[in-house]
Amino acid sequence: MTHLLHRLSPWLLAATLLSGCGSAVINPVSGQAERSVMSEQDEVAQGAQAHQQVLQEYGVVRDARVQTYVNNLGQRLAKLSHRNQLQWHFTVLDSPEINAFALPGGYVYVTRGIMAYLQTEAELAGVMGHEIGHVTARHGAQRATRQQDAGLGVLAASVLGAVLESQGISGAGRLASDLSQTAAAGYVASYGRDQELQADSLGAEYLARTAFDPRNMINVIGALKAQERFAQDQARAAGRAAPSGSSWLASHPSNDQRLQQITQLAAQYKGNYSDEGRARYQHITQGLAFGESADQGLTRGQNFYHSELGIALTAPAGWQIQNEPSQLALVNATGDAALMVQVAPPKTGSTHDEVIRNLLKPSQGRTERLSINGLPATRFVGSRTSSQGQQAIEATLVTGPRQSVYVFTPAAKNAAALQQARPGLVQAQNSFRALTAQDRAAAKPWVIQTTSYPAGGFAQLAKRSPLPQAEAQLRLINGFYGGGEPRPGQAVKVVE
């Protein structure tokens, strides 16, 4: 079951690494000795182990053409890096998130989400060069060593609660610990500013060595800042708080000082950098899924469709659908209550009573048998004993068309918010259904295509685009959100 399961825990990796006392290791970039809890052999072994978890949790883009292109580009950069002896691995993840990250030992990932907002091969190389720099400078090992020095204790909050907790909705973290068997939020803790600047410096160096203009790193930051501005503009227009961001920039400091330093770094390199690889890049991104993919489930207006699971839901008017890899959350308009949906892990049982006993672990409670759109359901209200005393539990379990058990749990900022949102929560829950023929017709993924820029501009392209706020989004994915126009006849990206 892809993309309704828990997200990979970064601390599964970190916890394994923090068992030794460390020894002196030569840093390949600085050439200096540094104490580390990870040898190069450890880096490779732990990276390989976590790599399998990344593939399982995110999934990969099922297009050998795209994977080969990105891997070949990455190998070109890595061959000219400070650790060209590593066996490097480059993977495009099937995620709409605008992100890229690296694991120790030579594992680098970019999402198809970030690829949609880049314009050239050189810009993609800038993102990948930065991440390669984190590996070559052993930043992951340095962070693991610092964590040991600090005495890493309590695990981070589960990713299941991350989105809602950030909006002040209590109970999300508790639900997460109930439903997720491997806790932990986020994937990579933020690097220190010095490490980010060093990765910028190394990325610029690797671009220049590969005959790409290092100034493309500036273009990348500009493109992703435009994406953040778009998200903020949309939030303000809808009367919502501006999102805090989950993109590459969210874990990579992006203030004016850093942009200035990137500019200064790039200016140090002089060369003939004529080939940006724009046409090659546009060719490779044709057919790439935009936004959610069919495997992840699709949000279309107030509806959510998941063809693989055979299910659909409809959010009440004004509510938001947040489709995360670990959960589905339907959040009310005021952002203080939500209905959270997750597939119960198979090991918790196949019947509702088994799932209640093994997943919710109540000390007492009562059940009520229901039917939701012809699907067998059970409502459970009870409590369980914890170190803080008795905790209330409320959940509805529904067996879906593929025999998976879905757990619906309300979460709210407080009791008053829960009571106020109750009608919407019930409406959302009761919309859960097996896909109808009409649902299946609507559950079509969007893909990137290329066309010639018309005389009517982005406004003309927007008329036949399925995207919401189509003109703004088309400007965004083509690098013109801040203004300007392509040349008439120039190849531009569209979404169909």
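# A tour of the predicted model

Start with the whole chain: 17 helices and 19 strands. What you have open is a predicted model. The chain holds 496 residues, and 54% of them count as buried. Now look at how the chain folds back on itself. Take the contacts with a separation of 6 or more: 67% of them come from residues 24 or more positions apart.

**Stop 1: two helices that cross**

Select helix α5, residues 121-136, and helix α10, residues 216-237. Their axes come within 8 Å and cross at roughly 90°. Angles of 65 to 115 degrees count as roughly perpendicular, so α5 and α10 are roughly perpendicular to each other. Next, show the side chains where the helices meet. From α5, pick Ala-122, Glu-123, Gly-126, Val-127 and His-130. From α10, pick Asn-216, Met-217, Asn-219 and Val-220. By class, this contact has four nonpolar, four polar and one charged residues.

**Stop 2: the cores**

In soluble globular proteins, nonpolar side chains tend to be buried together. Here the largest nonpolar core has 63 residues. Which residues have the most contacts inside it? Select Val-70, Val-110, Met-115, Leu-124 and Phe-290. Helix α5 gives the most to this core, with seven residues.

Zoom in on Val-70. Leaving out residues up to four places away in sequence, Val-70 touches Phe-90, Val-92, Val-110, Met-115, Leu-124 and Met-128. Another core lies apart from the largest one and has 26 residues. Among them are Phe-304, Leu-339, Val-343 and Leu-425.

**Stop 3: Met-340**

Select strand β12, residues 337-343, and find Met-340 in it. Is Met-340 buried or exposed? Its relative accessibility is 2%. Buried means under 20%, so Met-340 counts as buried. Now add Ala-329, which is 11 residues away from Met-340 along the chain. The C-alpha atoms of Met-340 and Ala-329 are separated by 4.5 Å.

**Stop 4: a four-strand sheet**

Strands of a sheet pair through backbone hydrogen bonds, either parallel or antiparallel. Select β7, β8, β9 and β17. These four strands make an open sheet in the order β7-β8-β9-β17, with antiparallel pairing. Which strands are at the edges? They are β7 (298-300) and β17 (433-434), and each pairs on one side only.

Move to the pair β8, residues 303-306, and β9, residues 311-314. Four bridges join these antiparallel strands. To see one of them, select His-306 and its bridge partner in β9, Ile-311.

**Stop 5: two hairpins in a row**

Select strand β14, residues 375-386, and strand β15, residues 389-399. They pair in the antiparallel sense over 10 bridges. Thr-378 has its bridge partner, Leu-397, in β15. How many residues does the hairpin use to join β14 to β15? Two.

Keep β15 and add strand β16, residues 405-412. These two strands also run antiparallel, joined by four bridges. Thr-399 stands opposite Val-405 in β16. β15 and β16 form a hairpin with five residues between them. Finish in that turn, on Gln-403, which has a positive phi of about 75°.

Conventions
Residues are numbered from 1 along each chain as its sequence is written. This is a predicted model: local features need pLDDT of at least 70, side-chain atom pairs count only at pLDDT 80 or more; totals for chains, interfaces and linings use all residues. Side-chain values use heavy atoms; hydrogens and water are left out. Two strands pair if DSSP finds at least two bridges between them. Buried means under 20% relative accessible area, exposed over 50%, partly exposed in between (1.4 Å probe, protein chains only). Axes are lines fitted to C-alpha atoms, for helices over the stretch in contact, and angles run from 0 to 180 degrees between N-to-C directions. Angles under 35 degrees count as roughly parallel, over 145 as roughly antiparallel, 65 to 115 as roughly perpendicular and the rest as oblique. Contact means heavy atoms within 4.5 Å. Ala, Val, Leu, Ile, Met, Phe, Trp, Tyr, Cys and Pro count as nonpolar, Asp, Glu, Lys and Arg as charged, and the others, Gly among them, as polar. A nonpolar core is a set of buried Ala, Val, Leu, Ile, Met, Phe, Trp, Tyr and Cys residues joined through side-chain atoms within 4.5 Å.
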